[in-house]
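Colleague: Could you take a close look at one part of this model with me? I'm new to this, so please explain the terms as you go.

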There are 2 protein chains.
Amino acid sequence: MAAPSTNRVEPVGAPDVRREQMLEAAAAVMGERGFSETRIADVARRCDASPALVIYYFGTKDRLLTEALRWSEDRFYALCTAALGALPTARERLELLVHRTCVPDGAGEVPGWGLWFDLWAQALRHQEVAKDRIALDERWRRTIVDVVAHGQDTGELGDVDAKDFAVTFAALIDGLSIQVALVDPEVDPDRAFRIAMGFASDALGVDWRVPAKKRRSSSGR
Amino acid sequence: MAAPSTNRVEPVGAPDVRREQMLEAAAAVMGERGFSETRIADVARRCDASPALVIYYFGTKDRLLTEALRWSEDRFYALCTAALGALPTARERLELLVHRTCVPDGAGEVPGWGLWFDLWAQALRHQEVAKDRIALDERWRRTIVDVVAHGQDTGELGDVDAKDFAVTFAALIDGLSIQVALVDPEVDPDRAFRIAMGFASDALGVDWRVPAKKRRSSSGR
DNA sequence: GTCGGCTGACTGACTGTTCAGTCTAAAGAC
DNA sequence: GTCTTTAGACTGAACAGTCAGTCAGCCGAC
């Protein structure tokens, strides 16, 4: 394209687009290689730019990676909330949340688990990332609370403390996701799903148990 | 520095001792700085050796860090099992396990959480570390199973599937620990402890609930 | 004397960042 | 309509710092 002179594959596009491309590329590379193994050159190659241009846009590598982390979080959250709205029952909504997290690495357009591990590791040592991570988890729990509250409004769920449930449920899902992401022989996605929904059943006083060995490649709706 | 002869603080000691010192130093630095921010020079300084000596002992940086990771895991496990043996009841034992994990970073001689995050991140991308991590978690769950089985033998606990409980409980503790390690405003150590023991109470059919606001700086024995 | 633990000085590779300048397209000037 | 100017996206080529790993040799103990 852009025939005569340059031989760019893409028309390059507006600065905003370029920026987004770079963030996406950075998030992707970070997911594959890991935070600190990510080179500016990798990101640049991936979005068809020069390393200098990446610096031109973000100033420093650190800023690029930090922003990419945030961008990825936002994207994950946006995708989740959008998908949630399309589901009618609390049960389906909770199932969706579990699916979105307890997924083997690399599946779907969701940022891989590598990013989460790195996010935690970075949050432990960098103030700014720590703040982001707290906000992200708060949002995540609020999402769970909203799902439960909605279920209570429709009468699907009885009276439980949605906030308490959210804290525990979020922690449980995190823990299960780790096992799934690391391909633990004891905890495959199916089992993780059943454990999570089993806990939700008990805690919320409903019967959402999934019969073992029944489910299969149930891509959330 | 390097006055007349040597001004070593320690008599340096046998090679085995030296090796162990290096592993401990490496684990400590990794916990502080993170896996990939750990420099051989840092480790060397910490155990009062030259960078060249560290390479002399371990060949490559990679080998050093991998071994340090394993060493740290083993140490954590050894400390835990030793402490467990000193406690009579299943309740006290489970409480100990929760304490050992849901602790703010840096407290105690237990390897900090930074190491765990890095372990996960590395396991995601390196076969060898992945194997170690699976073995570690398997050991961890077996520890929980043993505690439960012991409680069932003494009649303290009723009939539950210890393995199922272990998988869920381990995941829950992991998730809670992350929040505690990252100083989440919503999940302090105290709350994490209560949530974990509350879950155990329900799952095991006993009443181990800890009344809120009661506990304080309870350094596990 | 020799052997193994140990070291300082060095190197080679890598990589974030800078910089001087190119190319493009839009905005004015005429 | 054509020429000039300007802004800003973009780049290749260096630069400078960092570090893992090498090497030739020291030194004390057996």
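Colleague: How many helices and how many strands does chain A have? And once that's clear, which elements give two or more residues to the side of chain A that touches chain B?

Modeller: Happy to. First, a word on the ground rules: this is a predicted model, where local features need pLDDT of at least 70 and side-chain atom pairs count only at pLDDT 80 or more, while totals for chains, interfaces and linings use all residues. Residues are numbered from 1 along each chain as its sequence is written, chains are lettered from A and ligands numbered from 1 in the order written, and side-chain values use heavy atoms, with hydrogens and water left out.

Now to chain A, which has nine helices and zero strands. (Helices, H or I with at least four residues, and strands, E with at least two, are DSSP runs numbered from the N terminus.) Read from the N terminus, its elements go α-α-α-α-α-α-α-α-α. Of the 221 residues in chain A, 48% are buried, where buried means under 20% relative accessible area, exposed over 50% and partly exposed in between, with a 1.4 Å probe and protein chains only. Look at who touches whom inside chain A, too: among contacts (heavy atoms within 4.5 Å) with a separation of 6 or more, 62% join residues 24 or more positions apart.

Next, follow chain A over to its partner. Here 42 residues of chain A are in contact with 42 residues of chain B. Between them the chains bury about 3100 Å², with 62% of it on carbon and sulfur atoms. A:Leu124, A:Arg125 and A:Leu182 supply 19% of what chain A buries against chain B, more than any other three residues. (Buried area is the accessible area, 1.4 Å probe, that two parts lose on being put together, summed over both.)

There's charge in this interface as well. A salt bridge puts a side-chain nitrogen of Lys or Arg within 4 Å of a carboxyl oxygen of Asp or Glu, and there are eight between chain A and chain B. To see a salt bridge, find A:Asp118 and B:Arg125, whose side chains meet at 3.4 Å, N to O. As for your second question, the elements giving two or more residues to this side of chain A are α1 (15–33), α6 (113–125), α7 (127–153), α8 (162–181) and α9 (189–204). The biggest giver is α8(A), with twelve residues.

Finally, stay with α6 and look at the rings. Rings of Phe, Tyr and Trp (its six-membered ring) pair if their centres lie within 6.5 Å; planes under 30 degrees apart are stacked, over 60 edge-to-face and the rest tilted. The whole structure has 24 aromatic pairs over all chains. Take A:Trp113 and A:Phe117: their ring centres are 5.8 Å apart and their planes sit at 40 degrees, so this pair is tilted. Because A:Trp113 and A:Phe117 are four residues apart in helix α6 of chain A, about one helical turn separates them. Both A:Trp113 and A:Phe117 are buried.

A:Trp120 and B:Phe117 make another tilted pair, with 5.8 Å from centre to centre and 40 degrees between the planes. This pair crosses between chains, going from helix α6 of chain A to helix α6 (residues 113–125) of chain B. A:Trp120 and B:Phe117 are buried too.

Zoom out a little and you'll find these residues again in a cluster linked by ring pairs: A:Phe76, A:Trp113, A:Trp116, A:Phe117, A:Trp120 and A:Trp140, along with B:Phe76, B:Trp113, B:Trp116, B:Phe117, B:Trp120 and B:Trp140.
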